Every structure is written in C-alpha cells, then in structure tokens.
Amino acid sequence: MTELLLELLSEEIPARMQKRAAEELEKKLVGGLAESGILCPQSASFSTPRRLCFVASGLPDKCPDRVTSRRGPGAEAPKRAVDGFLRSTGLEFEQLEIREEKGRKYFFATIHQPGKSIDEVVAHVVCDTVLKFPWPKSMYWGNATLRWIRPLHSILCILSDDVGHRIVDLEIGGVRAGDQSMGHPFMAAEKFFAKSFEDYESKLRKAFVVLNASERSERIRRDAENLAFAQGLEVVEDPDLVEEVAGLVEWPVVLMGDIDREFLEMPPEVLLTSMRHHQKFFSIRCPADGRIVKFSTVADIDAADGGKTILAGNQKVLKARLSDAMFFWRNDLRTIKKIGLDGMGRRLELVNFHGQLGNMAERVSRIESLARELAEASGCDADTAARAARVVKSDLVSEMVTEFPELQGVMGRRYAQALSLKNGIPEACEQHYSPQGPMDRVPTSPVAVTVGIADRLDQLAGFFGIGEAPTGSRDPFALRRAALGIIRLVIENNIRLPLAPAIRCAIGEYGRQGKLGKVEGNPSADTIVESIIEFVHERLKVFLRDQEIRYDVINACIAARRADELPLLVDRARSLDAFLKSGDGINLLAGFRRANNILEKVDDLDLQAIGEPKSSLFREQEELNLSRALDEAHGGLERAEKLENSADAVLVLASLRRPIDEFFDNVLVNCEDIELRVNRLSLLQHVRATCGVVADLSKIKT
C-alpha cells in the first residue's frame, strides 16, 4: 500500500483561515482521488502559520481498471451515425452489441479503460485542487500565475511504500514539487528531506515545528495554567483566543509578565478586553477577588534569555495600550459623576438608531415607557424598570465603549455601580443584552428581564413597521436573534405576558413619536402585530425542535386560544406531544379525524347554523354518553385553562377517547332521517370545538 504526503509551504497564513483551509484541502483531495477511483481509507490534514499539510495512507499502487457501457444510436440508425459512434469509442463494429431498452433496440459499446498510475492521478488532483482552492482572499505575486493566500515557497509531494519514496512529478505556478521542507524560520531554517509522514513529522518537531494545531493549543493552555498555578493564580478561560494564538506560532513558548500596578484599579473586563483585542494576551487573575494582575503571552521562539527581552518589549507596548484605556476610564468616571448616567444618556440624541426610526435617545424613551407597561407581568416595580431603561444604553456614548464596543453593557454596569445605583439597575445595564444566542445564559433579575423584553419588542415593532422583516438568509438587523431572546426570556422566566397587547404598546410608542405613521405604505398596526407574532412562532418552532417537539404539534397548539402567551403555549405543546405518543392519544386522534372528515364532507348543510345537539333527538345510549362527556370536558377544560394547567387539559381530552370510540362503533351519523343526521353532526361539531380548546388536532400530520 502507498502513502501520500503533501505540504504547501508559504508565507504566513492568517490564523482565522487555517483550520478551514486544512479541512477544505482534505475534502477536495479525498474527493478528487475518489472520483478517479482511488479511495483514502485514512487521511488527515494539518495547518501551521506557514504550511498546509495532507497525508493519506492505505492507497492502492494504481487506479483500478474501468469498464463502462455507453449507449449509441438505435439499431435502425443510418451507417453514418454508427460510424461516428465507433470513432468516439475507438471500437470496431464487431465489438458493438445490441440491447433492448424501453421497447427499442440500441447499439451499446463496452469500453475497457486501463487504470492510470497513482503518480499520474495524484499529480492531476493536487494541481487541480491548488489552482482552484477557495481562499476567502488570495493574491498574485511576482510573475506567478497561481493565486494563493500568500506567496507559495515550496511544495513537498511524495508517495512512499515498502520500497521507498518517490517525488510526484508536478509543477504549480512555477514551483516544482520535491521531497524537501524546512522547519522553524529562526531556530532551524535548514532544509531537510522527508521519506514518509512519520519521518516528516519527526523532523519537523526536531526543527521546532509542532504540526498539529490541537497539540499547539493544548500546550499553550497547559503551560499558561502551570505558570499561573505556580504563583497561586489562574488563567481566565478563552478557548477562542487559544485557538487563534495557536495559529500564530509553530513552536509555542508561554511567558508570563506583570501589569503595572497603576492599571489594576481599572475593571478586570477593561484589562481583559484591551489585552485580548490589541495584544492577544491571556489574562491571569487572582482567584480570591477576581482581579486581573498578570498576563501571559505566547512567543514563537525559545529565547536564549528565557524570554526576558520578549516580555520587556511586550510590557512596554502593553503599558501604552493600558494607558489609553486608563485615560478613557478616568474620563468616563469624571463625566458620570458630574452629569450622571441620565446626562450621558442625553448625548444619545447624537447617535442614529435608524433613519426612519429615530435616534438612540428616542429609542431609549420608547423602551422606558414600554418597560413600565411590562413591569407588572415580569414581577418588577414599574418605576425601577423605567429608571433602569432610561440608563441602560448610556454607556454607548462613553469613551471606553467607543474604543471597545464589545464592552457595551459591561461598562454600563460598572458606571452604575460607581454611582451606587441599586435595585438591580447595574445588573440590568449588562444583562438586558442577554441572551444573544441559543447557548447564552438567560438573566433572571426582574429588572433585567423587563428591560430586555422591552428592548427587543421595540426592535421588532420598528423594523417590521417599516417593512424590514427578515427574508431568506437576510437579517441585517438581527431580528431573529431578538425574537429568540424574547422567547427565552419569557419562557425560562415563566412570564405570563400576552404578546399581542405588548406589541401594540410598542407600536403605540412609535406612533407617539410620529414615526411609523409617516412611512409611505406602512402596514396597519393589526398587520404588524400579526406578522410579528407569526415570526416569533416560527422562531419558537426552531427553538423547540432541539427539544424534539414536532412542528405539527406546535402548529396545532398555535391554532388554539391564547397562542401569544408563550409559556402556556410551550407547556401545552409539551403535554400534547407526550399525550399523542400514548395509546389514548393515538386513539383520540383517530376518533377526532373521523369526526373531522365527516364534517368536512358535509356540503349540503350550513355547519355554523346547526347549533347545539338536542338530547330529545338522541336515539342511542352512545349519543347521550358522548354528549355528557363533552359537557364534562368543557367544564374541565375551562377550569384547566383558568389555572393554566396544560397537563390537566390533556387529561380531559383523554377522557373523551372511550365515548368517541363507542359513538362511532354504534351510531350511524349519516342516517336517512335528516333531523337525526343534523343532531349527530352537531355532536361531532361539539367534539371538534372541545378539542380545539387545547389544539387544532386537524394540523397533526401522523
């Protein structure tokens, strides 16, 4: 068996592109070889800042022979057509055979193609892959005809087996493949020969290159933790930064440095963000109080002085960066102590929210009024909610957030704490932005929850009001995320908040400012409300899909009453989903469908005018039993709905299973007596209406 090793050595590849590039290289090479008949039982790809590598083992020595069958012209075709077919196949007339296909006879040619050598196939696939490689950005350089992410220096491409290794004969962009590579550019710049992947990886390691990105990440994480632990400290976890830094170095050497004491008064979030954003440093904190007191950096060289010179240079640059951050922090503190967060918030008049929806100060005013209206449902004091809403966006005009936008909310909390604000307002400044994704933590503070819902409702009402609802994959204003945020805030905090009146209130705030009414072709308030609720319901279906609740079950519950009260809707969907998986649920669904099918086929009666069933027209005991069961069920459902107990409501439905089954077993609905027929159809109408209190079972697919 044969092993293929390919290395593409270039100048530095951006860290954010390396992982995807390695995966794409493996995918395209494995796919290209497979199309030529060569399967790769084992393959892997690797990346470093300067190289992409691919290895595949267990390859055959040559491509298998291919036998293909081609259909030619019909058996009755003229000689000229048959001769053309023969020329295209390279066969003689005697080698053709006649077969029947779909009632007609055709000439068929069986073509035998000997397998190509693996060297020839690999050369073709590698060249095709490299020349068509899908870099997000690429470049020409010099007189090269190849577009690559950075100038390509060398190509190592060899096939090895038990006999030895050989170079694959190929050339790309003026670079000819060989069996040489080189290690670390500063510590081991000499070239070396590679005989196999094992030999290549071993020599790379001796030349101060760790080929596997996962191994580099683990070394960075482990060494940083060990250095911190030795001084009684801990590393602030940052997996994304670990992965990014692993893409910046081939031989990671972790060093730990000091932060000047003058900067330690700043909030730890400022230190962390500044060091991460500008320097790619890891933050080291004290476990006792959470203060960041040191940093870790990763060098790409084993320095003779143990990294002292590197650390000195890094600390000098870091001091300049943190001096800027300190200047912003102190300026912001002076400002808020002078004019408060309310005064800072007035500067939001200079920040545009949207051309048709006003500035950020107007948005804050809408959120404040809306938070006051939502406070009771969230269990929050209305004045506190309004006060929080008035200041939660103030930090957007601070110097710190202008420099580091990712600190919005965090700095709001810090400024509120500096002013000694209480009652959950500092926490609301930070937490009202959460959740921002399906895995983000949901706040539980009533103030933060209230402001968070108000914030998102204002966003949805505004953009739906000006016709900017998401379409397809287009969602420039992150409205899907806003809808999911409302869903999680309401459901996970079990807030009984009817969406329709809340959305109307949000629309009303825009109207109070004269916004939406001025937009040409603006939809009516009713249309906006319906569109937003439908949009939220669609996001809810996606949210519940991970909980294995079927779309049709959710659709059935949405079609029932109080569908805009999300916790109740979800509770009902979960209860109904469990019920429909039981024997009672399956049988009840079958009975409902039978009743529904009969009603849908009635063309000669106005079902709306049938009215209530009359007990005087009951001729069978099963009619009376079903009528009594429906009356009891109606009362039970009313009690369950009043108590918002979906489990009890489903149990009420379960009680209808037997009387419905017995009714259909013993009663003929479409009898000749028109009066009896209408009365029995009225019973079925009653069945459909009673079930509809919980869900529209006609929407259940199976």
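This passage describes the domain layout, one antiparallel sheet and the surroundings of one arginine in a predicted model.

The domain assignment divides the protein chain into five parts: domain 1 (2-62 + 117-206), domain 2 (69-113), domain 3 (213-331), domain 4 (351-392 + 432-547) and domain 5 (570-699). Domains 1 and 4 are each made up of two segments of the chain. Between the centres of domain 2 and domain 3, taken over C-alpha atoms, the separation is 73 Å.

An open sheet of three strands is formed in the order S4-S6-S5, with antiparallel pairing. Strand S4 (66-74) and strand S5 (97-101) occupy the edges and have a single partner strand each, so one side of each is left without a neighbour in the sheet. On average, neighbouring strands of this sheet are turned by 40 degrees against each other, direction ignored. S4 and strand S6 (residues 104-113) run antiparallel and are joined by seven bridges. Opposite Ser69 stands Thr110 in S6. Helix H2 (residues 79-89) lies across S4 and S6, and its direction makes an angle of about 165 degrees with S4.

In helix H9 (residues 360-378) is found Arg366. Arg366 is buried, because its relative accessible area of 1% falls under the 20% limit. The side chain of Arg366 makes a polar contact, at 2.6 Å, with the side chain of Asp458. When neighbours within four places in sequence are left aside, the residues in contact with Arg366 are Phe353, Leu357, Asp458, Glu509, Tyr510 and Gln513.

Definitions and conventions. Residues numbered from 1 in each chain as written. Predicted model: local features only at pLDDT ≥ 70, side-chain atom pairs only at ≥ 80, totals over all residues. Heavy atoms only, no water. Helix = DSSP H or I, 4+ residues; strand = E, 2+ residues; numbered from the N terminus. Buried < 20%, exposed > 50% of the residue type's maximum accessible area, 1.4 Å probe, protein only. Polar contact = N/O pair within 3.5 Å; in protein donor to acceptor, adjacent residues only side chain to side chain. Contact = heavy atoms within 4.5 Å. Domains from an automatic or database assignment. Pairing = 2+ DSSP bridges. Axes fitted to C-alpha atoms, helices over the stretch in contact; angles between N-to-C directions.
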